[in-house]
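Thanks for agreeing to look at this one with me. Below are some numbered notes to help you find your way around.

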Amino acid sequence: MSALDKIPIQIEASATTGPYHRNTLPLLHEIAHALRRFQAEGNSTTLDLGAIPFGPGDEQRLLDFLGTGEVSAKLDAMGDTNIWESAYAGVWIIEHKNASGERVAFQIEITKLPAILE
């Protein structure tokens with residue numbers, strides 16, 4: 001046995017092969033279907049991102065893909081609520097935080113204007 005055999009080796013999963021949920025693509029498909037429904041029938045859709053099992057990098061990957069549009073709003077009611085339109089017209093991201101700054105709700109609304117702003 002050489003000295004090289006005594007070196008401990010630890011194998012870690014990477015972001016591309018690791019045990020994460022990879023929910024970005026299915027969510028993007030759901031958003032696309034919701035946009036089609038909204039365009040054809042005028043039906044708004046709300047996706048509760050807090051109920052989605054995001055793995056490492058999933059949420060950021062989704063937000064990076066959606067990008068940031070031209071319109072945003074911030075409300076202060078028992079905690080901050082940040083609302084911004086994605087780079088895709090009609091796709092809004094809404095993040096509610098409590099008075100301590102902890103996220104209490106996170107959702108995507110596919111609509112002309114999010115309900116909280118009406």
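What share of the 118 residues of the chain counts as buried? The answer is 31%.

1. Confidence. Please keep in mind that this is a predicted model. The average pLDDT of the chain is 87, and 82% of its residues reach at least 70. Take care with residues 15–20, where pLDDT stays under 50; the model gives this stretch 9 contacts beyond four places in sequence.

2. Overall layout. The chain holds 2 helices and 5 strands. Starting from the N terminus, you will meet them in the order α-β-α-β-β-β-β. Of the contacts between residues at least 6 apart in sequence, 40% join residues at least 24 apart. As for the surface, the chain exposes about 7900 Å², with carbon and sulfur atoms supplying 55% of that area.

3. The sheet. The 5 strands make an open sheet, in the order 1-5-4-3-2, with antiparallel pairing. Strand 1 (45–48) and strand 2 are at the edges with a single partner strand each, so each has one side without a neighbour in the sheet. On average, neighbouring strands are turned by 15° against each other, direction ignored.

4. Strands 2 and 3. This antiparallel pair is joined over 5 bridges. If you would like a place to start, find Lys74: its bridge partner in strand 3 is Asn82. Helix 2 packs on the sheet, where it touches strand 3, strand 4 and strand 5. The direction of helix 2 makes about 40° with that of strand 5.

5. The core. Nonpolar side chains tend to be buried together in soluble globular proteins. Here the largest nonpolar core has 15 residues, and Ile31, Leu62, Leu66, Ile93, Ile108 and Ile110 have the most contacts inside it. At least two core residues come from each of helix 1 (24–41), helix 2 (58–66), strand 4 (91–97) and strand 5 (103–110). Helix 1 gives the most, with 4 residues.

6. A closer look at Ile110. Which residues does Ile110 contact, leaving aside its neighbours within four places in sequence? Among them are Ile31, Ala34, Leu35 and Phe38. The list also includes Ser44, Thr45 and Leu47, as well as Gly90 and Val91.

7. An unusual phi. Most residues other than glycine have a negative phi. Met78 is not a glycine, yet its phi is positive, at about 60°. You will find Met78 in the loop between strand 2 (72–76) and strand 3 (80–85). Is Met78 buried or exposed? Met78 counts as exposed because its relative accessibility is 78%, and the cut-off for exposed is over 50%.

Notes: Residues are numbered from 1 along each chain as its sequence is written. This is a predicted model: local features need pLDDT of at least 70, side-chain atom pairs count only at pLDDT 80 or more; totals for chains, interfaces and linings use all residues. Side-chain values use heavy atoms; hydrogens and water are left out. pLDDT is the predictor's confidence in each residue, from 0 to 100. Contact means heavy atoms within 4.5 Å. Buried means under 20% relative accessible area, exposed over 50%, partly exposed in between (1.4 Å probe, protein chains only). Accessible areas come from the Shrake-Rupley method with a 1.4 Å probe; for residues, only the protein chains shown count as cover. A nonpolar core is a set of buried Ala, Val, Leu, Ile, Met, Phe, Trp, Tyr and Cys residues joined through side-chain atoms within 4.5 Å. Two strands pair if DSSP finds at least two bridges between them. Axes are lines fitted to C-alpha atoms, for helices over the stretch in contact, and angles run from 0 to 180 degrees between N-to-C directions.
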